[in-house]
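Visitor: Hi, could you walk me through a structure? I'm new to this, so plain sentences would help.
Guide: Gladly, let's put it on the screen and go piece by piece.

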Amino acid sequence: MILGSIQPAVLIAALMVAATPILLAAIGELVVEKAGVLNLGVEGMMILGAVAGFIVAVQTGNATLGFIGAAVAGGLLALLFALLTQVLMANQVASGLALTLFGLGLSALLGQSYVGISPPRTPKLDLGPLSDIPFVGRAFFSHDALVYVAIAIVIGVWWFLKYSRAGLILRAVGENHDAAHGLGYHVKRVRALAIVFGGACAGLGGAYLSLIRVPQWTEGMTAGAGWIALALVVFASWRPFRALAGAYLFGGIVVLQLNLQAAGVKIPVEYLSMSPYLITIIVLVFISSGKARGSLNAPGSLNRPFHASG
Amino acid sequence: MTLKTILGAATALGLALAAPAFAQDPTKVGFIYVGPVGDHGWSYTHDQGRLAVEAEFGDAVETTYIENVAEGPDAERVITQMALGGADIIFATSFGYGPEMNNVAARFPDIKFEHATGYMQEQPNISLYNARFYEGRAVIGHIAGKMTETNKVGYIASFPIPEVIMGINAAYLAAKAVNPDVEFSIIWAYSWYDPAQEAAAAEALIEQGADIIMQHTDSTAPLTVAQDAGVMGFGQASDMSGFAPDSHLTGIVDVWAPYYIDRVKAVMDGTWEPVNVWHGIDEGMVGFAPFNDKIPAELVAEAEGMIAAIADGSFHPFTGPINRQDGTPWLAEGEVADDGTLLGMDFYVEGITSEIPN
């Protein structure tokens, strides 16, 4: 068997953990893009969330407060993006890239005196007898709360977009902002709210890295996770459950290739290592070609600025 | 915006022209780092060297650095910018800057260039410097071989380049010498710095039964994971004991300061000549973090004896008989590896079970 001495239950458990940061960031960005806004600043919001969550957790000694702080920080940075793109009508792509650079720099500055400190521990969620079930318990019911929070957010977003009136309005704004405006909806307000939600989710994803995954603060620790999250949204063709599957696939590849290497299985690791990035590139090529947009289910007004006079 | 650009360009030009005219001005020293200075690993130690240069010469020098410079074409732009900014000497501190540095050096013959861990020296104003990290790897390999209880050592490697392969071989040979049953599990992370990936790699290794984690990547994440799992590990580049007080056995510490001070002094005195140096424990470029109390006293003594023997030249980590992985002889009894073979090392020694990726 190719898996050698790897235990599947451990592998599943590890991939759920590895996927959580990109899943959180991706589900937030999915909502933003559904509202017709392309925010390329995910990496910046993640890293700011990572450092802010770390600082709050260390200062208060409470990891939960840290996660709340991370969401607030990510949301605030996103608010800046909303101000730039929705009020000042700045270019979304350029603003998003600037947001990433700004977030990386600001987080390095804020985190200077927090290098080399251990954050308060986030306890694993006690699921009682569920965790004791053989295989299933180890694989699915032995995680920290954030893993389940991320899944809950995915389900919530799915329900919100599909069944709620507010979700319908958000989709309308993303598909055709002129029509939505004509119906009397506040395009900019809806978009600003979506952007802030996206920032909060990205912040949570970043804090998951600094408080649980690594757990430590180091500069640039997101190491491109935000870009993978961006690609994931397109990969998922803007559908929440596909984003969940995609995140587990990406996380799974990472974990699987590391485990295969550790188990001494002779596989061409370099290809597996680069595969998430290769998929990302292919997907980004798709997103940028106009033709593929429709077939990919992209929101009609994605990355198009809205001005009421138009 | 346009005015700013013009002003910026004019200033840069002015500085470039003015540099030779005002020789008594502070000597400008530039540093290019591949990671963030806060990585507590490779780039951090180079920055410690930069700070030592400032402390040594005070107002006589002016240092600048640019961090997170990707290896490859973009480095040429960054190094050029630094050269235009009036630098007198530029230290580029990662393997992958070679071709770019040589290109820039050809265009700025009056500026001195120093390339860490490089191999391309095509211009008369380029020096190469490197540390014999394999000497340190041999010492920690010895400790690992003695300390492991599961006889499984996990090794997180970055890229399959000679520097890294040499380190794996040195550590393995030393571990094998004291523990014939030792096995190395090697994971290639394909990154110098990715804390989440490194943490996942450490977890995978521990899951496979490794109770000692070695790393040739720059973040402190593997040590944190080791600390949590109750296994042991070695730091990389700087003293990382603060991140994992129970698990950090010791670590190789990069000591660049003396070399940097020496080279900057040479520029000031006008005696700078291109060199190609490979310094080790003897010259003080390779140092060690404090030994953890968990290491038994006799093992500390053995390690210190080994350090002393390497320093005075009586012991070389690559001393025959050593076979290549495929069983063909590499070094005969008593033969010592030459530097050329080491610097181009692309094979494992006998006993390592995995394969080097292409």
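Visitor: Which strands of chain B does H8(B) lie across?
Guide: In this predicted model, helix H8 of chain B lies across E6, E8, E9 and strand E10, the last of these covering residues 248–254 of chain B. Its direction runs at about 165° to that of E9(B).

Visitor: And what order do the strands in that sheet come in?
Guide: The order is E7-E6-E8-E9-E10-E12 in chain B, which makes an open sheet of six strands with mixed pairing. The edge strands are E7 and E12, the latter being residues 286–288 of chain B, and each of these two pairs on one side only. Going from one strand to the next, the twist averages 20°.

Visitor: How do E8 and E9 of chain B run, parallel or antiparallel?
Guide: They run parallel, and two bridges join strand E8 (residues 212–215) of chain B to strand E9 (residues 232–237) of chain B.

Visitor: What's the bridge partner of B:Ile212 in E9(B)?
Guide: That partner is B:Met232.

Visitor: Which helix of chain A packs on the sheet?
Guide: Helix H11 of chain A, residues 240–262, packs on the sheet, where it touches strand E6 (152–157) and E7 of chain B. The direction of H11 of chain A makes about 155° with that of E7(B).

Visitor: How many residues does each chain give to the contact between A and B?
Guide: Chain B gives 34 residues and chain A gives 30 residues. On the side of chain B that touches chain A, the elements giving two or more residues are strand E7 (183–188), helix H7 (195–207) and helix H8 (221–229) of chain B. H7(B) gives the most to that side, with ten residues. Sorted by class, that side of chain B has 15 nonpolar, 14 polar and five charged residues.

Visitor: Changing topic: what domains is chain B divided into?
Guide: Chain B is divided into domain 1, which covers 2–131, and domain 2, which covers 134–253 + 286–343. Taken over C-alpha atoms, the centres of these two domains of chain B are separated by 32 Å.

Visitor: How many residues of each domain of chain B are in the contact between them?
Guide: The contact takes twelve residues from domain 1 of chain B and 13 residues from domain 2 of chain B. On the side of domain 1 that touches domain 2, helix H2 (residues 42–57) of chain B gives the most, with three residues. By class, that side of domain 1 of chain B has six nonpolar, five polar and one charged residues.

Definitions and conventions
Residues numbered from 1 in each chain as written. Chains lettered and ligands numbered in written order. Predicted model: local features only at pLDDT ≥ 70, side-chain atom pairs only at ≥ 80, totals over all residues. Contact = placed C-beta atoms within 7 Å. Helix = DSSP H or I, 4+ residues; strand = E, 2+ residues; numbered from the N terminus. Nonpolar A, V, L, I, M, F, W, Y, C, P; charged D, E, K, R; others polar. Domains from an automatic or database assignment. Pairing = 2+ DSSP bridges. Axes fitted to C-alpha atoms, helices over the stretch in contact; angles between N-to-C directions.
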